[in-house]
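Visitor: Could you take me on a close look at the aromatic rings here? I would like to see how they pair and what sits around them.

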Amino acid sequence: MAKVIARDPTPASFVAAVVRPEIRALSAYPVAKAQGLIKLDAMENPFPLPETVRAKIAAAAAAVPVNRYPDGGADAVKTALRRSLGLPATAGLILGNGSDELIAIITVALAKPDAVMLAPEPSFVMYRMNALYAGMRYVGVPLLPGFALDAEAMLAAIAAHRPALVFLAYPNNPTGNLFSTTDIERILAAAPGLVVVDEAYYAFADASFLPRLAEFPNLLVLRTVSKIGMAGLRLGYAVAAPEWTAELDKVRQPYNLNALTQAVAPVLLGESVLLSEQAALLRSERARMAGAIAKLPRATVFPTQTNFVLARVADAQGAFEGLRTAGILVKNLHGWHPLLDNCLRITVGTPTENDALLAALARLC
Ligand code: PMP
């Protein structure tokens, strides 16, 4: 007689039986609700677009045949990017649905069974998360106090673990600083695999590895348009030798860049004067905010080359809650990493938003 296998037929029991335990142990990435608040938590560009540019976007969007799949090669976006970056024709270029997707693509492509991903900590949390998703072993090397790379520890970790993939955010999120060029050059020279220099904040920084691609066969420069005014479009790009991008392109989903983004991004990338004026204003506001916050009692402001200011205050949780009550949302980093004790990450907003932030902080600190 056939044996009847008793089983508990609930969704939870199926989930427990088949979903990877490391996935079940996670909580989904928390995106704070910001309705009605001054939003200084996510490094977005705070400026609404001028009416003339909105009209251009509307016209471009209206012409999109949304009944058809998008151009799988996203040629119009690539052409606009190559032009605005002045890329040599020989450079490989791959686009992602945000640079988040490119981090996932790169990780999946390199995740051989025993492969290691290496990154300094604290840095962008999605590096580690993607190592976990792809089943790659992750090694984190603490930054020095003050957030410089611990070059000797990084080189020792490279020698010990032979990482297939190294992520360096340049400038770093959430600390805001640029790492030393020499340290990165030493890492590029020592690494046996790909080194991703993630330049999400390039528009607010005084340095870039993009012009140096030809010098390093294992360098990939990752960028996004999210911080320069297009976070809603979800568009990231990676530039590397074509030998790298050709392999990564095999992991990319065929239509990863939707048709509306493909139509609108070239319009905005063409507004180079507007984009650079906004970046310049954000840089000067950043200096104003950093100067004012540094004068608050028991506050420390760290050097930043991004569109956010990292500040240590006496009580980050109290300041975070007080700001929220005042209608301002920032990021409380307390508890993320020992180096970030009592730190707040404050995105630079419009001058009016920054005035509100500074007034509220002065009351709270
Ligand atoms: N890299 C870094 C260093 C970031 O800070 C961010 C956004 N917080 C990203 C990549 C992802 O950006 P996006 O997916 O919007 O392109």
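Guide: Happy to; what follows is a walk through the aromatic rings and their neighbours. Please keep in mind that this is a predicted model. The structure holds 7 aromatic pairs, and a good one to begin with is Y201 with F308. Their ring centres are 5.5 Å apart and their planes meet at 85°; an angle over 60 degrees counts as edge-to-face, so this pair is edge-to-face. The two partners come from distant parts of the chain, 107 residues apart. Y201 belongs to the loop between β6 (194–198) and β7 (219–224), while F308 lies in strand β10 (residues 308–312). Both are shielded: Y201 is buried, with a relative accessible area of 3%, and F308 is buried as well, at 0%.

Now please turn to F209 and F216. Here the ring centres are 6.4 Å apart and the planes are at 50°, so the pair is described as tilted. Both of these phenylalanines are buried.

Elsewhere you will find an aromatic cluster, made up of F124, Y127 and F167.

Finally, have a look at the arginines. F308, already met as the partner of Y201, also has R345 over its face, at 5.8 Å from the ring centre. That gives F308 an aromatic partner in Y201 and a charged neighbour in R345. Y202 offers a second case: the charged end of R223 sits over its ring, 3.9 Å from the centre.

Key:
Residues are numbered from 1 along each chain as its sequence is written. This is a predicted model: local features need pLDDT of at least 70, side-chain atom pairs count only at pLDDT 80 or more; totals for chains, interfaces and linings use all residues. Side-chain values use heavy atoms; hydrogens and water are left out. Rings of Phe, Tyr and Trp (its six-membered ring) pair if their centres lie within 6.5 Å; planes under 30 degrees apart count as stacked, over 60 as edge-to-face and the rest as tilted. Helices (H or I, at least four residues) and strands (E, at least two) are DSSP runs, numbered from the N terminus. Buried means under 20% relative accessible area, exposed over 50%, partly exposed in between (1.4 Å probe, protein chains only). A charge sits over a ring if NZ of Lys or CZ of Arg is within 6 Å of the ring centre and within 35 degrees of the ring normal.
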